[in-house]
Structures are given as C-alpha cells and as structure tokens.
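Reader: Hey, I'm new to this one. Can you walk me through it?
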Amino acid sequence: MKVEIYVKPECKNNKKQIAMLKEKGHDVTVKNIFEQAWTAEKLTPFFQNLSFDKWHNPYAPRIKSGDVDPASLTQENIFEEMISDNYLIRRPLLKAADRYDCGFDSKLAQELVENSDVAEVLVCHQKNNVCE
C-alpha cells in the first residue's frame, strides 16, 4: 500500500516508524512536516479520529516551556498555533489510500504494521531536552 508519512526527519522514532512500515512491504513516501504549507483544511483530516486534547505534540518546546497551554486552546487556535509552529503538530501524520490519521498508536498505524510492537516508538527519547 502507498503510505505518506509526515515526520521530523532527525527524530529517531520517526525513522524507526518508517522502517517498520517498509518492513511490512508498504511503498512509503516520507515528507518533512516542517516543509509543508499547512492550513487548517490540510491538517483537519489527520485529526478526525482523535479527541481534541490529543491533537498537539506534548513534547513541543513551547508546550514544555509553558509558553503554550493546550488546555486553553480552541480548535481554531490550535490550528493557528500548529501552522505558525510545526513542532506543535503531533506526529507522525499518516495517509494511506483515502485514510488519514495521526500518531503511531493510531488505528491506521496499527493496521499498517500489523501486530508489530510499537511501544518503543511511541515515547519521545530526549537528550538535553531535545527530542531525538
């Protein structure tokens, strides 16, 4: 299956997630999440299966510093914030056929990697407060 995955290229977990998809025989197109011209309309399909409180990346520097409080954001605000700071976008974003999802713990990701243990690639491994 053709799969598009939007990642932070230097993220170790994103690299492992890409490898897992390829090991399952998927035709994977890797896209840099920071090089996309995001709009609310382009982001919306990726989050349709998630509760609003899980749309953001909890490891984003501005969230960890307290500069952004996800609990205080509305749906409109969170898109504005994610568009202005792509680190706030939860990743990876996945597209396979006409399905969109977000996170490697998503239903789509689980189906794509069929029975693989993904626990190791769900937690951000940080060194000096930088996600690797």
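Author: Sure. This is a predicted model, and a good place to begin is Cys102, which counts as buried because its relative accessibility is 0%, under the 20% cut-off.

Reader: OK, and Cys11, buried or exposed?
Author: Cys11 is buried, with a relative accessible area of 3%.

Reader: How many disulfides are there, then?
Author: Zero disulfides in this structure.

Reader: Switching topic: which residues have the most contacts inside the largest nonpolar core?
Author: Those are Trp38, Leu43, Phe47, Met82, Ile89 and Leu93, in a core of 19 residues. Two elements give two or more residues to this core: helix H2 (40-47) and helix H4 (75-84).

Reader: And what lies apart from that core?
Author: Another core, with 14 residues, including Val3, Ile5, Leu108 and Val113.

Reader: Back to Trp38. What is it in contact with, leaving aside neighbours within four places in sequence?
Author: Trp38 touches Tyr6, Ile33, Leu43, Phe46, Ile83, Asn86, Ile89 and Leu93.

Reader: Now those two helices. At what angle do the axes of H2 and H4 cross?
Author: Roughly 110 degrees, and the axes come within 10 Å. H2 is therefore roughly perpendicular to H4, as that angle falls in the 65 to 115 range.

Reader: Which residues meet there?
Author: From H2, Ala40, Leu43, Thr44 and Phe47; from H4, Phe79, Met82 and Ile83.

Reader: How many of them are nonpolar, polar or charged?
Author: The contact of H2 with H4 has six nonpolar residues, one polar and no charged ones.

Terms used:
Residues are numbered from 1 along each chain as its sequence is written. This is a predicted model: local features need pLDDT of at least 70, side-chain atom pairs count only at pLDDT 80 or more; totals for chains, interfaces and linings use all residues. Side-chain values use heavy atoms; hydrogens and water are left out. A disulfide is a pair of cysteine sulfur atoms within 2.5 Å. Buried means under 20% relative accessible area, exposed over 50%, partly exposed in between (1.4 Å probe, protein chains only). A nonpolar core is a set of buried Ala, Val, Leu, Ile, Met, Phe, Trp, Tyr and Cys residues joined through side-chain atoms within 4.5 Å. Helices (H or I, at least four residues) and strands (E, at least two) are DSSP runs, numbered from the N terminus. Contact means heavy atoms within 4.5 Å. Axes are lines fitted to C-alpha atoms, for helices over the stretch in contact, and angles run from 0 to 180 degrees between N-to-C directions. Angles under 35 degrees count as roughly parallel, over 145 as roughly antiparallel, 65 to 115 as roughly perpendicular and the rest as oblique. Ala, Val, Leu, Ile, Met, Phe, Trp, Tyr, Cys and Pro count as nonpolar, Asp, Glu, Lys and Arg as charged, and the others, Gly among them, as polar.
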